[in-house]
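Here are some short exercises, each with a worked solution to follow at your own pace. Please have a viewer at hand and try each task before reading on.

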Amino acid sequence: MSKRDYYEVLGVARTCTEVELKAAFRKLAMQHHPDRNPGDKDCEHKFKELNEAYDVLKDGDKRAAYDRFGHAAFEQGGAGGGHGFGADFASTFSDIFEDLFGMSGRRGGGSGRERGSDLRYNMEITLEEAFAGKNAQVRIPTSVTCEVCSGTGAKAGTKPKTCYTCGGAGKVRHAQGFFTLERTCPTCHGRGQVIDDPCSACSGAGRVTRERTLQVNIPAGVEDGTRIRLSGEGEAGVRGGPPGDLYIFLSLEPHELYQRDGADLHCRVPISMVTAALGSEIEVPAIDGSEAKVKIPAGTQSGSRFRVTGKGMPVLRSKQTGDLYVQVAVETPQKLTKRQKELLAEFEKLSSDHTQPESSGFLSRVRTFLDGLGNGGSYSA
């Protein structure tokens, strides 16, 4: 069976650049990789074919020979030599390994230093604290660099040695079928170094657990769920590695007066039936501690909403401020005296469609509806 043209195998033109060649190979290698197509002999054949084509065309000398002589350039001891998975392909496969499995084949690296883990701290604050901002103290148990060994993990006077299994690379290679895989070194666990005489204070970890007290600046205007990052305040790195970060997650306590909507605040205020009918001016407490005056016009209905400009929450990292919305709820009087009942009954007799337009309009629509049914029904309130 004759071999296909290498350019055709990779789906590129003969004039393609190295970048275009590599991109085409990575895409097709991911598509036909045996681990993504277990048991598929056709994909296995195509994957080998892709590797063979790329192994030739990525090399300038081999590509020139192939362009001149075709497949004959590599047959019967010709230029170019054998095919298959050579040492150069291991680095190329390492490149696509991350794309295939979501992880890098280049972990480790001989220094033994690893970045510390990030930490999370949940903090609950009041709406008033979110309005004004605050400086808070947090106490966090975390890993810090061991002072005895200065983070090396080795006993004083000694130092870590290069791992004899991986030679300091932090990874080892092994053949599996027709391709080569890299995995973390089982001896040094990817650090590239081993400690024969560990530090007694940290048992070779290079860090110990301590409780730290940190200052956290909470800016004005933070919302529920805001995340504050403190760079370098997480766990210490392994054996002198860089520290992780600390993330403060804020949550707001429910407030007894206000409901928050972004930068705006909403407040429900009960008013008397007389105030709603005659109109008045009421005072409502604002989040900044002042009193906001709200004018209630005569004839105000329950549920009416009034805006007080600039009495809401500050907008984070800006000079803008939200508004306060006051929603009134007309309260029906209870436990009336005999005289109060008499006065209300007298008021009811004196009432007209003009004094209660919404109620009168509703009754009118009900009568029209009943007349339309033609059942001679009647309705009265």
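Buried means under 20% relative accessible area, exposed over 50%, and partly exposed in between, with a 1.4 Å probe and protein chains only. The model is predicted, so local features need pLDDT of at least 70 and side-chain atom pairs count only at pLDDT 80 or more, while totals for chains, interfaces and linings use all residues. Residues are numbered from 1 along each chain as its sequence is written, and side-chain values use heavy atoms, with hydrogens and water left out.

**Exercise 1. Describe the chain as a whole.**

Step 1: Take the secondary structure, where helices (H or I, at least four residues) and strands (E, at least two) are DSSP runs numbered from the N terminus. The protein chain has nine helices and 15 strands.

Step 2: Turn to burial. Of its 381 residues, 35% count as buried.

Step 3: Look at contacts, meaning heavy atoms within 4.5 Å. Among contacts with a separation of 6 or more, 63% are between residues 24 or more positions apart.

**Exercise 2. Decide whether H32 is buried or exposed, and list its contacts.**

Step 1: Locate H32, which lies in helix 2, a helix that spans residues 18-32.

Step 2: Apply the cut-off. H32 has a relative accessibility of 11%, so this residue counts as buried.

Step 3: Set aside neighbours within four places in sequence; H32 then touches N37, C43, K46, F47 and L50.

Step 4: Compare with M30, also found in helix 2. Its relative accessible area is 18%, so M30 is buried. From M30 to F47 the C-alpha atoms are 9.0 Å apart, with the two positions 17 residues apart in sequence numbering.

**Exercise 3. Work out which residues of helix 4 are buried and why they line one face.**

Step 1: Within helix 4 (residues 60-69), R63, A65 and Y66 are buried.

Step 2: Look down the helix axis and take the directions from the axis to the C-beta atoms. The buried residues fall within an arc of 165°, so they line one face of helix 4.

Step 3: Recall the general geometry: an α-helix has 3.6 residues a turn, so residues three or four places apart point the same way.

Step 4: Check the other side, where G60, D61 and R68 are exposed. The cover over the buried residues includes helix 1 (6-10) and helix 3 (41-57).

Step 5: Examine both ends. At the start of helix 4, a side-chain oxygen of D59 comes within 3.0 Å of the backbone nitrogen of D61. After the helix comes G70, with a positive phi near 70°.

**Exercise 4. Find the strand order of the open four-stranded sheet, then place H255.**

Step 1: Two strands pair if DSSP finds at least two bridges between them. The order is 10-11-15-14, with mixed pairing.

Step 2: Strand 10 and strand 14 (305-308) are at the edges with a single partner strand each, so one side of each has no neighbour in the sheet. From one strand to the next, the twist averages 30°.

Step 3: Strand 10 pairs with strand 11 (residues 264-272) in the antiparallel sense over four bridges. Y258 has C267 of strand 11 as its bridge partner.

Step 4: H255 sits in the loop between strand 9 (246-252) and strand 10 (258-261). The H255 side chain reaches the backbone nitrogen of Y258 at 3.3 Å. Beyond neighbours within four places in sequence, H255 is in contact with L127 and E128.

Technical notes
A polar contact is a pair of N or O atoms within 3.5 Å; within protein, one must be able to donate a hydrogen and the other to accept it, and residues adjacent in sequence count only if both atoms are side-chain atoms. Axes are lines fitted to C-alpha atoms, for helices over the stretch in contact, and angles run from 0 to 180 degrees between N-to-C directions.
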